[in-house]
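Here are my notes on this model, point by point. Please read them with the structure open.

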Amino acid sequence: MILKLNHLQGKAAATTAPDVIETIYSLMEEGHIEKDQFARLQIELDWIQYKQNFREVVIATQGYNSQGHRAPMMDMHVDTRQVSPDCLRADLLRALAHAKPGPQPQDRLPLEDFQSMRSSIVWEFNKLYWNRLKDWETMSGRGYEQALPGGQSDGHQPQAIADSVGDFWTLLRDMESKNQLPQEVFLVEIGVGTGTRMGLWLDKFRQLDQQRDTKYYPKLKVLLGDYSLATLDMSRPAVRDHADLCSFLVLDAINPLKSLSFLRYKVMLVHSTNVYDNLPDEEVVRRDGRLYFVQVRAYLPVAEVARIASAFEIPGDRMRSQIDRLLEGHFEDFGSRERGVNFWQEIWKAVRLEERLVQLEDLPEFPFPEGLDAGKLEDMLQQAPADFRFHLSSGALESLVRTLPLLHPRGYLQVQDIFVTDINQYRLGFFGPGKLEGSLLNWVNGALLKEVAERAGYDVHFAPFHYRKGSRTSILYTTRRE
Ligand SMILES: C[S@@+](CC[C@H](N)C(=O)[O-])C[C@H]1O[C@@H](n2cnc3c(N)ncnc32)[C@H](O)[C@@H]1O
């Protein structure tokens with residue numbers, strides 16, 4: 001058996017590891033774990049920093065080959081933050097029971113079949129949240145920004161905005177001096193939220209432009225994009241003073257080019273804050289030279305189903321269909337809108353993900369997100385650890401490769417988000433998924449994004465976001481290589 005420590009919380013690791021070892025040995029002595037199984041078992045101690053997440057305290061992840069037959073490989077993950085010594089044995093036994101062949105314990109209500117997390121039902125919950133944000137916020141009594149570290153989006157930090165405005169003004173000045181300044185200067189923000197950033201940015205830019213008497217401000221054409229119409233509406237007041245310059249567009253961040261193809265090679269600045277970490281994602285495990293694709297299945301623990309069904313007077317066997325109604329936004333089905341939102345919050349809190357690992361026999365057969373292929377992944381993995389689990393950041397990757405063609409030859413993409421910039425970091429912490437209010441977040445595999453963008457002819461670098469003490473945000477800059 002291999003015991004892996006995936007975090008830097010020394011105290012928690014030092015107390016949990018001996019308990020786990022002792023319990024595993026006693027389970028083996030009692031016949032709950034076969035010797036053969038023990039020999040191949042890998043136990044991973046994680047530390048899940050998100051109070052709301054998709055994990056039971058212990059999960060067992062069984063390996064399968066590409067034909068769907070069980071492979072002799074199993075991982076167990078223990079969340080050292082949630083674990084308690086009194087429950088460890090029962091938690092391990094419960095997880096093992098789910099990984100055994102044959103009839104499964106009937107303590108889960110599956111919400112879907114096993115599949116890539118990229119297509120899981122959890123993203124429908126995420127979308128519902130952004131579409132019905134006001135309902136959620138009214139019920140919980142706090143705005144989504146309050147749940148962020150620091151209590152506000154790093155996108156709204158005044159000095160960061162002032163620096164971004166200064167850099168942009170300098171670029172326009174340089175282009176003007178070379179007779180390259182276009183008549184119309186296009187700016188796009190994707191995933192605008194409250195619109196606060198764009199409002200502040202435009203205030204600052206207008207001020208600087210007036211101070212320096214450069215007359216760039218009237219040339220600006222600003223597009224605010226989001227997949228939620230409700231969010232776009234909510235963002236309008238923040239840019240009211242700049243209404244003549246601004247247009248609002250429903251677009252999917254996964255494919256900006258689709259809605260903005262008329263701006264190909266024209267956009268001077270594309271900006272996003274805290275959007276890439278909110279796009280569909282999936283994970284891959286590398287073990288003994290092989291790659292395994294992590295498939296997930298969303299479920300509700302049956303005890304939670306019973307509790308919620310009784311509170312909302314829903315027959316247990318109708319729970320699944322009521323969740324579909326919920327995801328279609330029919331809150332009034334539950335008696336009143338408030339009750340519907342309350343039901344939504346209870347369900348979301350209870351949703352968990354179970355996992356299995358499916359071996360990739362042949363890398364080229366993997367359903368890669370656009371922008372990635374077997375060659376690029378193999379190249380990236382040459383420098384990577386032989387045994388680790390990482391995020392593909394499929395949504396972020398697709399967003400990136402379908403945004404780059406929008407950039408003017410002197411234009412740039414600026415993304416503020418939580419990035420894993422060195423692949424080795426994956427062995428030192430937990431990078432999602434976590435729940436943030438009604439949304440989901442995963443750290444973005446910046447190392448992979450960089451590899452892909454550089455191969456497409458762009459320079460990429462990451463700068464730490466030094467505007468808030470303790471911030472984990474980085475700023476990704478991308479420009480076309482000269
Ligand atoms: C965490 S909020 C960030 C909002 C804002 N940028 C900020 O920093 O406060 C994520 C935003 O991205 C939007 N969003 C999420 N997924 C999206 C997608 N696939 N396409 C377009 N917008 C998306 C949400 O509607 C929301 O406005």
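1. A term first: two strands pair if DSSP finds at least two bridges between them. In that sense, the bridge partner of Leu 45 in strand E4 is Val 78. Keep in mind that this is a predicted model.

2. Strand E2 covers residues 41-46, and 6 of its 6 residues are buried. Leu 41, Ile 43 and Leu 45 point one way. Gln 42, Glu 44 and Asp 46 point the other way, and they are buried too. E2 has parallel neighbours. Strand E1 (residues 2-5) is joined to E2 by 4 bridges and runs parallel to it. Within that pair, Ile 2 stands opposite Gln 42. Strand E4 (residues 70-79) also runs parallel to E2, with 6 bridges between them.

3. Strand E3 spans residues 58-64, and 7 of its 7 residues are buried. Which residues of E3 point the same way as Gln 62? They are Val 58, Ala 60 and Tyr 64. Ile 59, Thr 61 and Gly 63 point the other way. E3 runs antiparallel to E4, and 6 bridges join them. The two strands form a hairpin with 5 residues between them. Gly 68 sits in the turn and has a positive phi of about 90 degrees.

4. Gln 62 is a useful residue to follow across the strands. Its opposite number in E4 is Met 74. In strand E13, Gln 62 stands opposite Arg 356. E13 (residues 352-359) runs parallel to E3, joined by 3 bridges.

5. Now the open sheet. Its 7 strands come in the order E9-E8-E7-E10-E15-E21-E20, with mixed pairing. Strands E9 (246-250) and E20 (458-464) each have a single partner strand, so one side of each is left without a neighbour in the sheet. From one strand to the next, the twist averages 15 degrees.

6. Within this sheet, E10 (residues 267-273) and E15 (residues 407-417) run parallel, joined by 6 bridges. His 271 has Gln 414 as its bridge partner in E15. Helix H15 (residues 446-455) packs on the sheet and touches E20 and E21 (474-480). The direction of H15 makes about 155 degrees with that of E20.

7. The ligand has 19 residues around it. Tyr 144, Ser 153, Gly 191, Asp 226 and Ala 253 come nearest. An N or O atom in the Asp 226 side chain is 2.6 Å from a ligand oxygen atom. Backbone atoms take part as well. A polar backbone atom of Tyr 227 is 3.2 Å from a ligand nitrogen atom. For Thr 273, a backbone N or O atom lies 2.9 Å from a nitrogen atom of the ligand. Taken alone, the ligand exposes 590 Å², and the protein buries 96% of that.

8. Is Glu 283 buried or exposed? Its relative accessibility is 10%, so Glu 283 counts as buried; the cut-off for buried is under 20%. Glu 283 belongs to strand E11 (residues 283-287). Its side chain makes a polar contact of 3.0 Å with that of Arg 389. Beyond four places in sequence, Glu 283 also touches residues including Phe 293, Val 294, Phe 390 and His 391.

9. Last, helix H4 (residues 122-131). It is mostly covered, with 7 of its 10 residues buried. Among them are Trp 123, Phe 125, Tyr 129 and Trp 130. Asn 126 is also on the buried list.

Notes. Residues are numbered from 1 along each chain as its sequence is written. This is a predicted model: local features need pLDDT of at least 70, side-chain atom pairs count only at pLDDT 80 or more; totals for chains, interfaces and linings use all residues. Side-chain values use heavy atoms; hydrogens and water are left out. Buried means under 20% relative accessible area, exposed over 50%, partly exposed in between (1.4 Å probe, protein chains only). Axes are lines fitted to C-alpha atoms, for helices over the stretch in contact, and angles run from 0 to 180 degrees between N-to-C directions. Contact means heavy atoms within 4.5 Å. A residue is near a molecule or strand if one of its heavy atoms lies within 4 Å of it. A polar contact is a pair of N or O atoms within 3.5 Å; within protein, one must be able to donate a hydrogen and the other to accept it, and residues adjacent in sequence count only if both atoms are side-chain atoms. Accessible areas come from the Shrake-Rupley method with a 1.4 Å probe; for residues, only the protein chains shown count as cover.
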